[in-house]
Amino acid sequence: MTLPVPAQSTPGTGEQSANQSALPPPGSDPEWFKRAVFYEVLVRGFADSNADGIGDLRGMLGKLDYLQWLGVDCLWLPPFFASPLRDGGYDVSDYTAVLPEFGDIEDFKELIGASHSRGMRMIIDFVMNHTSDQHPWFQASRSDPDGPYGDFYVWADDDTGYADARIIFVDTESSNWTFDPVRKQYFWHRFFSHQPDLNFENPKVQEAIIDALRFWLDLGIDGFRLDAVPYLFEEEGTNCENLPRTHEFLKKVRKIVDAEYPDRVLLCEANQWPADVVEYFGENGDECQMAFHFPVMPRLFMAVRREQRFPISEIMAQTPDIPDNCQWGVFLRNHDELTLEMVTDEERDYMWGEYAKDPRMKANIGIRRRLAPLLDNDIDTLELFTALLLSLPGSPVMYYGDEIGMGDNIWLGDRDGVRTPMQWTPDRNGGFSTADPQRMHLPLVADPEYGFQVTNVEAQLRNSNSMLNWIRTMISVRKQHPTFGVGSYAEIGSRNPTVLSFVREFGDDVVLCVNNLSRFPQPVELDLRRFEGYTPVELTGRVQFPQIGVLPYMLTLGGHGFYWFELSKPAAPAVEEEEEDWETTASSSVAQSLLEAGVVGPADSSSGSGGLGAEAPTNPTHGES
Ligand code: TEU
Ligand code: CA
């Protein structure tokens with residue numbers, strides 16, 4: 001069932017011949033990830049090609065045109081390796097084998113070839129911290145302690161070690177140690193007890209992991225999302241997170257990847273505070289090129305509910321600069337719960353109070369809901385959040401289905417409620433699969449508000465005002481301004497705390513972003529003196545706004561409204577040159593802009609009446625003196 005995805009708007013981006021990559025030659029674009037829009041897509045949940053109710057690689061192959069049309073630059077595939085699937089594939093039982101339900105290596109090769117031929121890169125998840133207890137390494141380690149795999153895991157005679165290490169999956173685990181009846185010892189695990197941690201003290205483990213990384217890099221992937229990297233090494237008396245040995249090993253991996261595989265990215269998942277996360281870039285950018293900015297994510301949700309910018313301003317202020325060759329990964333939601341590991345206890349209670357009114361919405365230290373339900377399916381708030389995702393410093397990482405406002409199912413276990421099948425059409429199984437509905441690996445969302453009958457790609461493709469088309473437009477606007485990917489970030493303060501404003505600058509590409517975090521219309525006056533004489537042009541409609549003068553720049557925003565303004569340099573810098581004292585300059589340009597704003601007529605400009613806050617006529621020709 002192919003969807004009527006419109007032919008590629010821009011010629012040449014259509015499909016090259018299947019095996020001819022449309023990507024720049026390897027080695028020629030090492031920082032592609034800084035300008036990329038990422039899209040996390042679960043193989044299991046995207047499209048089922050063989051009617052067994054389980055999404056698969058060939059199903060995804062059939063949807064690449066849709067992802068290219070949407071404007072995705074890089075796919076992120078969570079684990080699709082052999083696994084008992086007790087943790088959504090993050091419990092790997094063979095690092096170099098595709099889970100048969102998903103397909104095989106040939107399917108994967110074809111998928112990556114077809115993705116590259118559309119100019120779309122692909123990174124895959126790699127779970128190096130732990131394996132499934134079904135992995136042959138663990139089976140050998142427990143049954144033959146003196147054998148070659150005896151020391152592949154972290155074993156101990158009792159469960160008292162590393163007592164300062166917190167438990168992450170508090171819903172299911174009461175200890176990070178589990179006794180193994182075969183080996184009659186305890187093994188260490190930071191996540192589920194069926195996910196024993198690998199012992200990175202053992203060089204053979206490091207070697208085996210690096211071999212597995214090479215296996216996929218040889219197949220042409222563009223990089224890895226490195227899962228749960230803060231926990232690779234343990235040390236008594238520490239919280240066993242972010243240890244120097246962990247950073248050493250990641251630097252070793254980076255060196256190998258850079259040396260043997262140009263233009264590949266390492267995107268690390270370190271759910272940590274900003275000061276700890278930036279260490280994963282390495283002092284001089286010699287560790288991971290990218291890292292998710294976990295702390296900003298929950299604060300977007302906090303700020304909009306508190307209708308105050310401070311949660312965002314504060315965390316951005318706490319976020320250290322990063323090496324030039326590095327980039328943050330910004331996300332709103334992903335395949336996990338909305339994690340509240342990196343907020344204070346009060347903030348966590350506040351977030352649970354605001355966003356998890358039903359206890360079933362809680363999972364571990366977070367909230368297992370999708371974006372649209374979290375924001376009460378309010379289109380303005382959804383657009384505001386998407387605008388922040390696409391304009392805050394870093395590369396945006398979208399989550400499959402959020403582009404159509406998919407709902408969730410809090411009655412499913414663990415985090416499966418946010419991993420339900422993609423909703424392509426109002427037909428059977430939402431067009432995800434032609435299997436019998438009862439055979440779905442997870443039920444499709446079928447509630448009156450978010451059900452696939454109403455929320456699906458087909459319906460939104462047809463409606464030019466749909467969330468889907470709007471997001472596609474915003475992604476294309478973003479692509480026209482490299483500053484969104486590589487520009488600096490500077491917050492513009494104002495007396496109205498409900499409005500978050502910041503400027504992204506990259507040479508002449510200057511964009512002012514103004515965001516109303518409150519549900520009510522808000523006025524804001526911005527100190528834009530350093531852009532005096534610049535003319536703001538709103539980016540979605542290319543409408544010119546009044547030229548910026550020395551006076552505070554007045555804007556009004558609708559509830560949860562936002563603006564993206566391109567600030568284009570004034571044609572000819574008129575007055576600046578003459579070294580006039582401020583008094584006259586100010587008065588002259590004040591008069592100038594009042595004049596231009598038509599607030600006062602030429603004759604009586606000297607009277608200075610009208611002053612601050614006077615409405616400037618928004619006629620597009622304004623400023624083209
Ligand atoms: O999660 C690792 C991690 O750090 C968790 O804290 C994560 O941020 C979240 O709170 C977990 O729900 C990764 C994967 O994203 C997750 O799906 C896996 O379950 C976990 O690793 C174990 O592999
Ligand atoms: Ca299938």
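A donor of a metal ion is here an N, O or S atom within 2.8 Å of the metal, or within 3.2 Å for Na, K and Ca. This report applies that term to a predicted model and then turns to ligand 1.

**The calcium ion**

The calcium ion (ligand 2) has protein donors in Asp48 (OD), Asn50 (OD1), Asp52 (OD), Ile54 (O) and Asp56 (OD), at 2.2 to 2.3 Å from the ion. Along the sequence, these donor residues follow the spacing D-x1-N-x1-D-x1-I-x1-D. Two of the donor residues may be examined for their exposure. Asp52 counts as buried because its relative accessibility is 13%, and buried means under 20%. Asn50 has a relative accessibility of 47% and therefore counts as partly exposed.

**Ligand 1**

Ligand 1 is surrounded by 20 residues, and the closest are Asp87, Asp227, Asp336, Glu337 and Glu341. By type, the shell around ligand 1 consists of six nonpolar, five polar and nine charged residues. The table lists distances between an oxygen atom of ligand 1 and a polar atom in the side chain of each named residue.

| Residue | Distance to an oxygen atom of ligand 1 |
|---|---|
| Asp336 | 2.3 Å |
| Asp227 | 2.9 Å |
| Asn271 | 3.0 Å |

Taken alone, ligand 1 exposes 470 Å², and the protein buries 100% of that area. The space that ligand 1 takes is the largest cavity.

Conventions: Residues are numbered from 1 along each chain as its sequence is written. Chains are lettered from A and ligands numbered from 1 in the order in which they are written. This is a predicted model: local features need pLDDT of at least 70, side-chain atom pairs count only at pLDDT 80 or more; totals for chains, interfaces and linings use all residues. Side-chain values use heavy atoms; hydrogens and water are left out. A residue is near a molecule or strand if one of its heavy atoms lies within 4 Å of it. A polar contact is a pair of N or O atoms within 3.5 Å; within protein, one must be able to donate a hydrogen and the other to accept it, and residues adjacent in sequence count only if both atoms are side-chain atoms. Accessible areas come from the Shrake-Rupley method with a 1.4 Å probe; for residues, only the protein chains shown count as cover. On a 1 Å grid over the protein atoms alone, a cavity is a set of points where a 1.4 Å probe fits but cannot get out, and a pocket is an open set with protein on both sides within 12 Å along at least five of seven lines; lining residues have an atom within 4 Å of a point. A molecule sits in a cavity or pocket if more than half of its atoms lie within 2 Å of its grid points. Ala, Val, Leu, Ile, Met, Phe, Trp, Tyr, Cys and Pro count as nonpolar, Asp, Glu, Lys and Arg as charged, and the others, Gly among them, as polar. Buried means under 20% relative accessible area, exposed over 50%, partly exposed in between (1.4 Å probe, protein chains only).
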